[in-house]
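Thanks for asking me to look this over. Here are my notes, as numbered points, to read with the structure open beside you.

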Amino acid sequence: MASAGKEVKLIGSWPSPFSLRIELALKLKGISYDYIDEDLTNKSPLLLKSNPINKRIPVLLHNGNPIPESFIVLEYISETWPESPNLLPQNPYDKARVRFWVDYFEKKVTENCRAILATEDKEMERTVAMIRENLKVFEDGLLRDYGGENPFFNGENNPGLLGLVVGSFSTWYKVMGEIAGAKLIEEEKTPAFSSWLSAVCNVEVVREKQLEYGKVLAVAKRMRDINLAAKHGA
């Protein structure tokens with residue numbers, strides 16, 4: 001097991017892809033950790049103390065020091081435990097390129113996927129169309145930047161940081177598609193993205209930690225009901 005200090009804990013929530021990506025990174029690195037599942041309807045004093053600004057998961061606790069926000073946590077893991085497998089390239093330009101595409105994916109794909117939980121009718125159709133369009137831009141950009149390589153892997157047989165970010169959402173793509181009544185990932189229009197995602201999800205560590213579809217769907221439906229009730233003033 002990798003070692004850098006005495007104690008690693010992760011405050012997360014089991015349906016969260018943001019928590020999942022941290023667990024995947026820790027497992028890929030062989031880092032022992034304790035997992036604390038947070039009740040987000042009744043946030044614990046530990047979470048509020050560890051992330052008093054945003055009050056959300058995930059938070060990594062390393063020797064008692066809190067590191068919030070999933071992308072920041074992933075970078076922290078990469079720097080604190082630099083042993084292979086590497087989450088980020090060593091070259092500064094290559095590292096910056098990964099950061100750019102993670103930022104694009106989070107803002108253009110993840111945020112629109114989350115919006116499905118609060119949209120209806122024509123707005124839902126526009127959201128689905130936007131996700132598909134942004135995935136195509138994502139695929140085209142990665143093909144341009146990485147050529148024939150799988151950009152979700154960091155030159156090894158293990159997912160890199162970008163692969164963990166995208167792969168941790170794999171169950172949620174299907175769940176959001178079910179709620180929207182339309183597939184978000186169209187294999188015939190984004191074949192490279194579909195192939196890259198499949199390769200990440202077939203890595204043993206990722207495959208073993210995938211979120212259970214039925215349970216996530218039930219959570220998503222409850223979240224959507226709450227969001228729509230608030231939207232309509234119910």
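**Notes on the predicted model**

1. Let me start with a charged pair: Asp 140 and Lys 136 form a salt bridge, with 3.4 Å between the closest N and O atoms. Please keep in mind that this is a predicted model. Both residues belong to helix 5, where they sit four residues apart, or about one turn of the helix. Asp 140 is partly exposed, at 37% relative accessible area, and Lys 136 is also partly exposed, at 34%. Elsewhere, Arg 132, Glu 186 and Lys 189 are joined into one network by salt bridges that share partners.

2. Helix 5 (residues 121-146) offers another pair to look at, Lys 122 and Glu 125. Their closest N and O atoms are 3.8 Å apart, in a salt bridge. Because the two are three residues apart in this helix, about one helical turn separates them. Lys 122 and Glu 125 are both exposed.

3. A third pair is found at the start of the numbering, where the side chains of Lys 9 and Glu 7 meet in a salt bridge at 4.0 Å, N to O. Are these two buried or exposed? Lys 9 has a relative accessible area of 26%, so it counts as partly exposed. Glu 7 is at 37%, and therefore partly exposed as well. In general, side chains of opposite charge can pair when their charged atoms come close. The whole structure holds 17 salt bridges, according to the search.

4. Now for the overall layout. The domain assignment divides the chain into domain 1 (8-80) and domain 2 (92-233). Their C-alpha centres are 21 Å apart, and the contact between them takes 14 residues from domain 1 and 20 residues from domain 2.

5. The UniProt record, an unreviewed entry, places the feature "domain: GST C-terminal" at residues 91-226. Over that stretch the chain is 72% helix and 0% strand. The C-alpha atoms at its two ends are 45 Å apart.

6. Which residues have the most contacts inside the largest nonpolar core? They are Ile 77, Phe 105, Phe 138, Phe 152, Leu 162, Val 166 and Phe 193, in a core of 62 residues. This core draws at least three residues from each of domain 1 and domain 2. A second, separate core has five residues, among them Ile 11, Leu 47, Ile 57 and Leu 61.

7. Val 166 is a handy place to explore the larger set by eye. Leaving aside residues up to four places away in sequence, Val 166 touches Phe 105, Phe 138, Phe 152, Tyr 173, Phe 193 and Leu 197. Of these, Phe 105, Phe 138, Phe 152 and Phe 193 are also listed among the residues with the most contacts inside the core.

8. Finally, a polar residue worth a look is Thr 171, in helix 7 (residues 170-180). Its relative accessible area is 8%, so Thr 171 is buried, the cut-off being under 20%. What lies 2.9 Å from a polar atom of the Thr 171 side chain? That is the backbone oxygen of Leu 211. Not counting residues up to four places away in sequence, Thr 171 touches Gln 210, Leu 211, Glu 212, Tyr 213 and Val 216. Leu 211 therefore appears both in this contact list and in the polar pair with the buried Thr 171.

Technical notes: Residues numbered from 1 in each chain as written. Predicted model: local features only at pLDDT ≥ 70, side-chain atom pairs only at ≥ 80, totals over all residues. Heavy atoms only, no water. UniProt positions renumbered as here; feature names shortened; annotations may be inferred. Buried < 20%, exposed > 50% of the residue type's maximum accessible area, 1.4 Å probe, protein only. Polar contact = N/O pair within 3.5 Å; in protein donor to acceptor, adjacent residues only side chain to side chain. Contact = heavy atoms within 4.5 Å. Core = buried A, V, L, I, M, F, W, Y, C linked by side-chain atoms within 4.5 Å. Domains from an automatic or database assignment.
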